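Here's a short tour of one protein chain, looking at charged pairs first and then at a pocket. Keep the picture handy as you read.

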Amino acid sequence: MANGKEKNPGNGSPEFGNKKANRADRADRVGKVVALFDFDGVIMDTEPQYTVFWNRQGKLHLGEEDFGPRIKGQTLTQIYHNYFMGAEEVQKQITAALNAFEEQMSYVYVPGAARFMKELRKRGVKTAIVTSSNEVKMQRVYKAHPELKGMVDCILTGEMFPRSKPAPDCFLLGMKQFGATPEQTYVFEDSFHGIQAGISSGATVIGLATTNPREAIAGKTHDVIDDFTEMTYERMTAVCRELSCGA
């Protein structure tokens, strides 16, 4: 997304296709598959609510329209550093407003997400939620959905990695948790920052068109889905093989 980043070869590139096509085969041979899920916009359909909140904050404090889409995938610390540096009173106002907002938020699963995550656990896939959200916010989520912790092997929050998305630190930490390689890892993301982080980590990235239109993320991911309704273990592990078709 940012200027100056090396352009990823397109899905039609033979070199890209051949390299990625072997990933599922290699994962099968070593007997380990890992799935890392972003949270907002991937597991829970919360991004439209956050867009409303951050658009309001951008207009109020910066006089900017459409501020919400600009900060997708960033931690609160990163947002303050990038846009509100030195404005301590404004930061306090936003934090208080955000806490109140999240208390009233609706946490609804993206269609098919819960089923798919359970399927992966049954198939022996190691799974983790990798989110830029902080632990305070996630405690509110656990209150609304106490079952969530038991649906994955671990949950990594924004306090646990030094650099936020689009840096790959969060997904590299997820791989480290399971002793996995990028070739064994699938990342599910919706935001441009998150997608870039996944690509930079070397994982196979499946984009969800929940926050951005399909056409906006199609060239940046290895596959695009609207939600998890038709997603299965077989489809996930076949993504790399399909790239080799290069049609």
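Let's start with a term: a residue is buried when its relative accessible area is under 20%, exposed when it is over 50%, and partly exposed in between (1.4 Å probe, protein chains only). The model here is predicted, so local features need pLDDT of at least 70 and side-chain atom pairs count only at pLDDT 80 or more, while totals for chains, interfaces and linings use all residues. Residues are numbered from 1 along each chain as its sequence is written, and side-chain values use heavy atoms, with hydrogens and water left out.

**Charged pairs**

A salt bridge here means a side-chain nitrogen of Lys or Arg within 4 Å of a carboxyl oxygen of Asp or Glu. That rule gives a count of 15 salt bridges. Here are three of them:

| Pair | Closest N to O |
|---|---|
| D169 and R163 | 2.9 Å |
| K165 and E189 | 2.6 Å |
| D226 and R214 | 3.0 Å |

Is D169 buried or exposed? With a relative accessible area of 13%, D169 is buried.

Helices (H or I, at least four residues) and strands (E, at least two) are DSSP runs, numbered from the N terminus. Now take the K165 and E189 salt bridge. K165 sits in the loop between β3 (154–156) and α8 (169–178), and E189 in strand β4 (residues 185–189), so this pair ties together parts 24 residues apart in sequence. Both K165 and E189 are buried.

On to D226 and R214, which also meet in a salt bridge. D226 is in the loop between β6 (223–225) and α11 (233–243), and R214 is in helix α10 (residues 214–217), twelve residues apart. D226 counts as partly exposed at 44% relative accessibility, and R214 does too at 39%. Shared partners also join D38, K165 and E189 into one salt-bridge network.

**The pocket**

A pocket is an open set of points on a 1 Å grid over the protein atoms alone, where a 1.4 Å probe fits, with protein on both sides within 12 Å along at least five of seven lines; lining residues have an atom within 4 Å of a point. The largest pocket has a volume (the space filled by probe spheres set on the points) of about 590 Å³. It is lined by 37 residues, and the closest to its centre are Q74, T75, L76, S132 and S133. Helix α4 gives the largest share of that lining, six residues.

Where does the largest pocket lie? Domain 1 (32–46 + 108–238) and domain 2 (47–103) both give residues to its lining, so the pocket lies between them. Those domain bounds come from an automatic or database domain assignment.
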